[in-house]
Amino acid sequence: MKLALLALFTVSAAAFAPAPLAQQPSRAGRVPVLLHESEDSEAEVAPEFRGAEAISSQTSNLKTVFTSEDISGVLPHRYPFLLVDKVVEYEQGKRAVGIKCVTVNEPHFTGHFPDRPIMPGVMQVEALAQLTGVIGLNQEGVDPGTIFFFAGVDGVKWKRPVVPGDTLVMEVEITKCNMRFGLIKSKGKAYVDGELAVEVGEMTFAFAK
């Protein structure tokens, strides 16, 4: 009797035992893999350290035509409103290229703006006007010490901010000159690192009488 009951319990237990799970097929070959950077990918290369001499030599072909002292002998402006540091190209009575080195020590940066210093756009135009003055006040027949008034401006476009540390490279060209009436017109543009920063379609100037 005991043997019969034992056999019955064994059969019943086997009936309720879970069947072994069938192996699940992979999903379209989705096998987890560990991704590694390709050994053939180029490693990031640090820029070559060139040093001060090599960087300074990039402007070795620029020859100063008018120094800061020369400009002060032509323009009536003085610190902090003299905005042309030197002239590196010059054609008498026609055009010039001048340099303005922008530094954080200039007083307008304390208010424009305290947390993000930017050279005011009107001062960029003023720098171009002063470069025109270098040409105009060097004209034949103009007496030393003559004052050159800014009489009008048109077609101004600013393309990018000019900030401390930038070198503003300016170019102006005389488009009209009437010495009889004491009037000169010019156009100009200025660049930072080869990128256009400001462009002026027309500036008008008058000699003080």
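Trainee: How do I read burial here? Does Asp 166 count as buried or exposed?

Mentor: Compare the relative accessibility with the cut-off: under 20% means buried. Asp 166 has 11% relative accessibility, so this residue counts as buried. Keep in mind that the model is predicted.

Trainee: Where in the fold is Asp 166?

Mentor: Look for the elements on either side. Asp 166 lies in the loop between β3 and β4, and β4 spans 167-178.

Trainee: With which side chain does the side chain of Asp 166 make a polar contact?

Mentor: For this, look for N or O atoms within 3.5 Å of each other. The partner is the side chain of Arg 160, at 3.4 Å.

Trainee: Which residues is Asp 166 in contact with, leaving aside neighbours within four places in sequence?

Mentor: Arg 160 appears again, along with Pro 161. The others are Lys 100, Cys 101, Val 102 and Val 192.

Trainee: Now the strands. In which sense do β3 and β6 pair?

Mentor: Follow the bridges from strand to strand. β3 (residues 148-158) and β6 (residues 195-207) pair in the antiparallel sense, over nine bridges. For one position, take Val 156, which stands opposite Val 200 in β6.

Trainee: Over how many bridges do β5 and β6 pair?

Mentor: Nine, again in the antiparallel sense; β5 covers residues 183-192. Tyr 191 has Leu 196 as its bridge partner in β6.

Trainee: How many residues lie between β5 and β6 in their hairpin?

Mentor: Two. Check the backbone angles in the turn as well: Asp 193 has a positive phi of about 55 degrees.

Trainee: How do I read a helix? What distance does α4 reach from its first C-alpha to its last?

Mentor: Set the span against the expected value. α4 (residues 121-136) has 16 residues and reaches 23 Å, close to the 22 Å expected at 1.5 Å a residue. Then check its cover. α4 is mostly covered, with 15 of its 16 residues buried.

Trainee: How many aromatic pairs does a search of the whole structure find?

Mentor: Four. Read the centre distance and the angle between the planes. Phe 66 and Tyr 90 are edge-to-face, with 4.9 Å centre to centre and 80 degrees between the planes.

Trainee: Which parts of the chain does this pair link?

Mentor: Distant ones, 24 residues apart. Phe 66 is in the loop between α2 (51-56) and α3 (68-72), while Tyr 90 is in strand β1 (residues 86-91). Phe 66 has 16% relative accessibility, so it counts as buried.

Trainee: Which residues do ring pairs link into a cluster?

Mentor: Phe 148, Phe 150, Phe 205 and Phe 207.

Key
Residues are numbered from 1 along each chain as its sequence is written. This is a predicted model: local features need pLDDT of at least 70, side-chain atom pairs count only at pLDDT 80 or more; totals for chains, interfaces and linings use all residues. Side-chain values use heavy atoms; hydrogens and water are left out. Two strands pair if DSSP finds at least two bridges between them. Helices (H or I, at least four residues) and strands (E, at least two) are DSSP runs, numbered from the N terminus. Buried means under 20% relative accessible area, exposed over 50%, partly exposed in between (1.4 Å probe, protein chains only). A polar contact is a pair of N or O atoms within 3.5 Å; within protein, one must be able to donate a hydrogen and the other to accept it, and residues adjacent in sequence count only if both atoms are side-chain atoms. Contact means heavy atoms within 4.5 Å. The expected span of a helix is 1.5 Å times one less than its number of residues. Rings of Phe, Tyr and Trp (its six-membered ring) pair if their centres lie within 6.5 Å; planes under 30 degrees apart count as stacked, over 60 as edge-to-face and the rest as tilted.
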